[in-house]
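Visitor: I've got a structure to look through and I'd like some company. Could you walk me through it, one question at a time?

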Amino acid sequence: MYVAVKGGERAIENAHRLLAHKRRGDQSVPEVTLAQISEQLGLAVDRVMSEGSLYDRELAALAIKQARGDLIEAIFLVRAFRATMPRFGSSEPVDTGTMRVRRRVSATFKDIPGGQILGPTFDYTHRLLDPLLAEGLAPEAPATADAHTAPTPRVTDILGRDGLIECSPPADDGASVGDLTREPLNFPADRDLRLQNLARGDEGFLLAMGYSTQRGYGRNHPFVGEIRFGEVEVELFAEDAGFAVPLGSIELTECQMVNQFKGSATEAPCFTRGYGLAFGQSERKTMSMALVDRALRARELGEEVRAPAQDEEFVMSHSDNVQATGFVEHLKLPHYVDFQSELGLLRKLRQEFADASTPDAMKEAAE
Amino acid sequence: MNAPAYNFAYLDEQTKRMIRRAILKAIAIPGYQVPFASREMPMPYGWGTGGVQVTAAILGPEDVLKVIDQGSDDTTNAISIRKFFAKTAGVATTTATNEATVIQTRHRIPETALHENQVLVYQVPIPEPLRFLEPRETETRRMHALAEYGLMHVKLYEDIARFGHIATAYAYPVKVNARYVMDPSPTPKFDNPKMDNCPALQLFGAGREKRIYAIPPYTQVVSLDFEDHPFEPYRFNAPCALCGAENSYLDEIVTDDKGGRMFVCSDTDYCEGRQATGHHGSLSAAPYKEKAHG
């Protein structure tokens, strides 16, 4: 009985061996490869890269395999690896206006320069389970056309030319971008840190927070100005060479929300922005992020802060699923020392209650 | 693929320097919570990442490390953290409180008195003693700055009004160096007096909440109370069933489903040390002990 509450090195080792065994599952079934995960579970890889804040498909696929498909566990694996990596510097800002677009839709205009491009999307699929897929199915080759050469300017830039939407704040070349993984976060936090927090934030949490703004908890009248997904170049300014060198290209999803106006006696009314950006194809994430980003700008835009999604301490302190899952799951660690202390107190209080309720005590009280 | 290669005690030197700066500031302002850029560690938040980062930052090759959880060296998480440092730093480990130079702990302070050449590193879940009275960090930082602790005293008073006692049994708030109200981490209040005027350096690391705080050696630590309701440490009134100790904090072990209980020291090193020097309790024929450590 005394043994039952104590751990033991061998127990831990055996548990880990059993875990590895369960991870592999039935060994008569072929083992899944990293390439299979990366190619066939691509959106899971995208999510792990985004919330793990590390753009590496192979490592993300490994994390998903190691985590038995538990994406939050996979994100945690990637984050712990990332934390040990040296920082060489910051890339130049990526220009999503020059993105090689695979998908691009706007809900605000029927047609836009560069066109609406549906690309690979679940939208408009009928959600009927497909028995053919269970057997393995070689899909039809996709329809092709000549590569689109016309530029695809951002819809918000088109609105911006007429002053209908607020300007994005101009880049301050001298200022470094905040990094909450390197500096402790203080409140109130600037938008760069808020966006970083949201980009790393849990998709489910942001979805619920964004949804709450649509249902009236911090409503901000959103329209999808544009969602675009595709490849962009990443460049690093090399001090030695004196110019920016290309590092490679990454896939990004960007969502620009167009929201209700601001304006004042001295300023003409204009639409306001909410912004979402994530690695890979992550539309639900970037749309939710854009809604929450806009909600968190309440203070800056002089709106009353009343709803949870507008409260930056609430949102930023609870958005990180690695933090949240650690603290929730730590409740399964032993707490018997504190519990014993509570038991002692509760027994004492109950004893005093019982003593006070006995007939003797009642008589004394009556006298 | 990038093969992971890790530094001594896991963290890179830059991160260690950042943590050491936070520790030095914490020592200079006893009880004040210093924000630091906590890293993601390879164990979950809430499982001791703050303590692990503090330990990693102060550990040297000559150190002897002891890790306890709930007072015990052989609870699963204590074993896991001890193995982590044995692997990443190659330091000597021990279960003997006296031999350790660095002791990382969760929820207990060892029974054996600490000495000047030791550092006690606490794992802290919620560093802010005012958090459950005021959820906003911006507010609680202001309250600390102004030493505005009335709310805490009102809470303790309301406990007395409702229950007849201060209804805080663990994480019992203390005032450090007559200035900052501090959360001692979720240690039972039995351990609070050990923090006062302690010869060892006490460091507190909260990884998820990104805070480090400290009690320098020989610093005054007072548990909050009222003149007519003085602070009382709680201990179950029984000797340890294994070593007979009358003054150690006890774990309650449920032995059957008919109300059977036994009470044994939560500090396993202390209990084993006493048994080795001939102390016995009512159940110390000791088959339990061998099973527990076999």
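Visitor: Where in chain B does Glu128(B) lie?
Guide: Keep in mind that this is a predicted model. Two elements of chain B frame the spot: strand 5, covering 119–123, and helix 4, covering 137–145. Glu128(B) lies in the loop between strand 5 and helix 4.

Visitor: Is Glu128(B) buried or exposed?
Guide: Let's count neighbours: Glu128(B) has 22 C-beta neighbours inside 10 Å. The cut-off for this label is 20 or more other C-beta atoms within 10 Å. So Glu128(B) counts as buried.

Visitor: Which residues does Glu128(B) touch, not counting residues up to four places away in sequence?
Guide: Sequence distance doesn't tell you everything here: Met182(B) is 54 residues apart from Glu128(B) along the chain, yet their C-alpha atoms are separated by 7.2 Å. As for touching, leave out residues up to four places away in sequence. What remains for Glu128(B) is Gln33(B), Thr140(B) and Asp183(B).

Visitor: Is Asp196(B) buried, exposed or partly exposed?
Guide: Asp196(B) also sits in a loop, between helix 6 (192–195) and strand 8 (201–206) of chain B. Around Asp196(B) there are 15 other C-beta atoms within 10 Å. Buried needs 20 or more and exposed needs 12 or fewer. With its 15, Asp196(B) is therefore partly exposed.

Visitor: Which residues does Asp196(B) touch, again not counting residues up to four places away in sequence?
Guide: Ile215(B) is 19 residues apart from Asp196(B) in sequence, and the two are 9.1 Å apart in space, C-alpha to C-alpha. For touching, skip anything up to four places away in sequence. Asp196(B) then touches Gln220(B) and Val221(B).

Visitor: What is the radius of gyration of chain B, and what would a compact globule have?
Guide: Chain B has eight helices and 12 strands, and its C-alpha atoms fill a box of roughly 60 × 55 × 35 Å along the principal axes. Of its 294 residues, 50% count as buried. A compact globule with 294 residues would have a radius near 19 Å, so the value for chain B agrees with that: 20 Å.

Visitor: And what is the radius of gyration of chain A?
Guide: Chain A comes to 14 helices and four strands. Its C-alpha trace spans about 90 × 70 × 55 Å along the principal axes, and buried residues make up 29% of its 367 residues. A compact globule of 367 residues would be near 21 Å, but chain A has 27 Å.

Visitor: Which helix of chain A gives the largest share of the side that touches chain B?
Guide: Start with the whole interface: 43 residues of chain A are in contact with 51 residues of chain B. Helices 1, 4, 5, 12 and 13 of chain A each give two or more residues to that side. By class, the side of chain A has 21 nonpolar, 11 polar and 11 charged residues. The largest share, 11 residues, comes from helix 13 of chain A.

Visitor: How do helix 3 and helix 5 of chain A lie: parallel, antiparallel, perpendicular or oblique?
Guide: Their axes come within 8 Å and cross at roughly 45 degrees. The crossing is right-handed, and the residues in contact include Val48(A) of helix 3 and Ile75(A) of helix 5. Under 35 degrees would be roughly parallel, and 65 to 115 roughly perpendicular. The angle therefore makes helix 3 of chain A, relative to helix 5 of chain A, oblique.

Visitor: How does helix 8 of chain A run against helix 10 of chain A: roughly parallel or roughly antiparallel?
Guide: Helix 8 (residues 191–200) and helix 10 (residues 283–296) of chain A pack at an angle of about 150 degrees, with their axes 10 Å apart. Angles over 145 degrees get a label of their own. That's why helix 8 of chain A, set against helix 10 of chain A, is roughly antiparallel.

Visitor: How many nonpolar, polar and charged residues are in that contact of helix 8 with helix 10 of chain A?
Guide: Among the residues making the contact are Leu195(A) and Leu198(A) of helix 8, along with Met289(A) and Asp293(A) of helix 10. Helix 8 passes helix 10 in a right-handed crossing. By class, the contact has six nonpolar, no polar and two charged residues.

Definitions and conventions:
Residues numbered from 1 in each chain as written. Chains lettered and ligands numbered in written order. Predicted model: local features only at pLDDT ≥ 70, side-chain atom pairs only at ≥ 80, totals over all residues. Axes fitted to C-alpha atoms, helices over the stretch in contact; angles between N-to-C directions. Left-handed = near helix turned anticlockwise from the far one by under 90°. Contact = placed C-beta atoms within 7 Å. Nonpolar A, V, L, I, M, F, W, Y, C, P; charged D, E, K, R; others polar. Rg over C-alpha atoms; globule rule 2.2 N^0.38 Å.
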